[in-house]
Every structure is written in C-alpha cells, then in structure tokens.
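Biologist: Could you take a close look at the empty space in this model for me? I'd like to know where it sits and what lines it.

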Amino acid sequence: MKSYWILCYCILTTLVYGQEVYTDNFGIEFVRIPKGEYISGRFQPTVSNMVLWGSDLPLDESMRQEAVRLAARDARPGFRVQIKKPYYIGKYEVTQGQWSSVIKKNPSFFQNGKVMDQSDLHPVENVTWMMAQRFIKKLNRLEKKYAHYRLPTEFEWEYAARAGITEDISWDKIQSSAVIACQSTSMVGQKNPNSWGIYDMLGNVWEWTRDYYNEKIFADELSPDKGKQHVLKGASFFGDVKNATYMTHAGGPGSGYDVGFRLVMELKRDP
C-alpha cells in the first residue's frame with residue numbers, strides 16, 4: 001500500500017485504502033468520501049427451503065404460499081440517494097481522549113476501573129445528542145480557520161458505511177469488522193475497516209446523526225423536519241449480526257453507555 005504525506009493548512013494528508021485521510025489540528029482523522037449514489041431502504045426477503053420451526057419437516061404448500069405472500073408484502077424497492085459532493089467523515093468514532101481534550105469531563109461508563117485497556121482510545125459513550133452538539137460547538141470555536149465540524153446526515157453515514165456495497169453486508173463481514181456480542185466497548189480500530197478505510201461503523205457504539213427519527217425501521221426518502229429524537233445508526237457492542245447493519249436505523253436515546261458519535265469535517269480551504 002502506497003502512502004504519501006502533505007502538510008498543508010496545518011492538516012496532514014495521507015492516502016490509505018485508495019482514500020485520502022486528513023488529520024486535523026486535534027489529531028482526529030477523517031476519510032474523504034467521494035460523491036456518488038446508492039439505494040437506501042431496499043429490502044427483498046426471500047423464501048427458500050423452509051422447514052417448520054424445531055423440526056426437519058418442510059412447510060406444506062399452503063404455508064409456503066403464505067410465506068411468499070408475507071415476503072412480497074414486506075419487500076421494499078428502496079429509493080435512490082445522491083451524494084452530490086465529497087465530504088470528510090471520521091475514520092474512527094470520537095474517542096474518550098478526544099472528548100476529554102475538548103470538554104475535559106469524560107461522561108463515559110467504560111473508563112479505567114471498568115475497562116482497563118487504554119480507555120482514552122475507547123469511543124466516548126453515554127453521550128446524548130445535545131452533548132454531542134456541545135462538543136461540536138466548542139470544537140468549532142477552537143478551530144475557526146480551516147474546518148467546520150458537524151454530525152453526519154443519516155444518508156452520509158450510510159453511504160460511508162456501505163463503501164460501495166449495494167446490498168446488505170454479509171454475516172461473515174460483520175463478524176470481521178464489527179465490535180458485537182461483547183460486554184463492553186473496544187478500543188477503536190481493532191476490527192477490519194470497510195473498503196474505504198473507515199473503522200467501527202457497525203458495532204462498538206450506536207452513532208448519532210443529524211436527522212430526526214421517523215419512528216420506522218427504515219429511513220424515508222425525505223427526512224422529517226421535526227421529531228422526538230434523532231437517528232442512531234450502526235448498533236453497539238452488545239448487539240448481534242441481525243442488528244449490525246447499515247440498512248436500518250433506530251431512535252435515541254439508547255441505553256446511554258452504548259451511544260457515541262463520529263464527526264463530519266468540512267474544510268474551509270481545500271488543500
């Protein structure tokens with residue numbers, strides 16, 4: 001893998017997994033995501049060699065036809081999402097160390113004494129949507145010249161998580177890339193990244209986005225302009241392969257200790 005380094009506008013740039021990675025003045029790394037499009041909300045359940053639960057007996061024809069009918073009823077064609085310009089998303093979830101360097105007080109449940117392996121490198125959690133906004137507001141006050149920070153939209157998050165994959169992620173890839181079925185968070189970056197070099201987009205902690213939750217399993221083509229809570233994506237460390245997917249979403253506040261976030265950075269001056 002070839003890498004190159006450029007120091008420009010106080011931002012360090014390298015090429016990893018074919019994507020440009022920027023390290024800002026706070027040591028937070030961001031992957032440049034290209035513009036493009038994908039299909040969101042596509043769900044095509046299938047009926048194959050089904051058997052009765054708890055036995056080896058195949059379904060009779062009437063039961064199989066009912067299964068086919070239910071699969072057709074629940075199928076969704078999805079809708080096309082266009083990402084019209086490149087953006088920069090966190091290579092990792094915001095860590096406890098990064099949070100503490102900006103806010104000072106660490107809200108996380110899994111700190112030293114509860115998790116002993118370098119908690120500064122674990123994702124910050126126990127973070128409400130408003131707490132994430134306060135972190136971002138202070139970060140933007142500290143960095144006025146080169147960059148502006150915010151939460152990703154749900155579609156930006158999903159597009160980056162998919163990294164070019166059109167269908168749902170396979171269970172094998174979930175096992176190799178997602179921090180799931182665990183008793184606590186893990187240090188960021190311990191599993192395999194996706195094909196764009198982004199880590200932990202499935203598992204470890206649920207991640208806040210900018211959008212309001214629509215009270216449904218899948219996103220709508222137009223996000224609601226108001227709501228009771230905001231969208232969470234990606235599942236957490238105690239989830240399993242069934243909910244570690246980028247296709248569906250959830251609404252906050254979660255369980256507290258399983259919710260964090262990652263940032264989007266907008267460069268004010270492109271290197």
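Modeller: Sure, starting with the enclosed space: the largest cavity holds about 40 Å³. Keep in mind that this is a predicted model, where local features need pLDDT of at least 70 and side-chain atom pairs count only at pLDDT 80 or more, while totals for chains, interfaces and linings use all residues. Numbering starts from 1 along each chain as its sequence is written, and side-chain values use heavy atoms, without hydrogens or water.

Searching the whole structure turns up 1 cavity of 30 Å³ or more. On a 1 Å grid over the protein atoms alone, a cavity is a set of points where a 1.4 Å probe fits but cannot get out; a pocket is an open set with protein on both sides within 12 Å along at least five of seven lines, and lining residues have an atom within 4 Å of a point. Volumes are the space filled by probe spheres on points joined across faces, edges and corners.

Around the largest cavity you'll find E154, Y212, Y213, N214, A219, D220, L222, S223, P224, V231 and H249. That lining splits into 6 nonpolar, 3 polar and 2 charged residues (nonpolar: Ala, Val, Leu, Ile, Met, Phe, Trp, Tyr, Cys and Pro; charged: Asp, Glu, Lys and Arg; polar: the others, Gly among them).

Y212 is one of those lining residues, and strand β9 covers residues 206–212 (strands are DSSP E runs of at least two residues, helices H or I runs of at least four, numbered from the N terminus). Strand β9 sits in an open sheet of 4 strands, ordered β11-β10-β9-β12, with mixed pairing (a pair needs at least two DSSP bridges). At the edges stand β11 (250–251) and β12 (259–260), each with a single partner strand, so one side of each has no neighbour in the sheet. β9 and β12 run parallel and are joined by 2 bridges; W206 has V259 in β12 as its bridge partner.

Now the open spaces. The largest pocket has about 390 Å³. It is lined by 18 residues, and F43, Q44, P45, D168 and M247 are the closest to its centre. Its lining divides into 7 nonpolar, 6 polar and 5 charged residues.

The second largest pocket comes in at about 300 Å³. Of its 16 lining residues, K85, P86, Y87, R150 and E156 lie nearest the centre. Two or more lining residues come from each of β6, β7 (87–90) and β13 (264–267), with β13 giving the largest share, 4 residues. By type, the lining has 7 nonpolar, 2 polar and 7 charged residues.

Strand β6 spans residues 79–83 and includes I83. With a relative accessible area of 8%, I83 is buried (under 20%; exposed is over 50%, partly exposed in between, with a 1.4 Å probe and protein chains only). Leaving out residues up to four places away in sequence, I83 touches K35, G36, E37, F155, E156 and Y159 (contact: heavy atoms within 4.5 Å). So E156 turns up twice here, as a contact of I83 and as one of the residues nearest the centre of the second largest pocket. I83 and I33 are 50 residues apart in sequence, yet their C-alpha atoms are 9.5 Å apart.

As for the setting, the chain has 5 helices and 13 strands, and 47% of its 271 residues are buried. Of the contacts between residues at least 6 apart in sequence, 70% join residues at least 24 apart.
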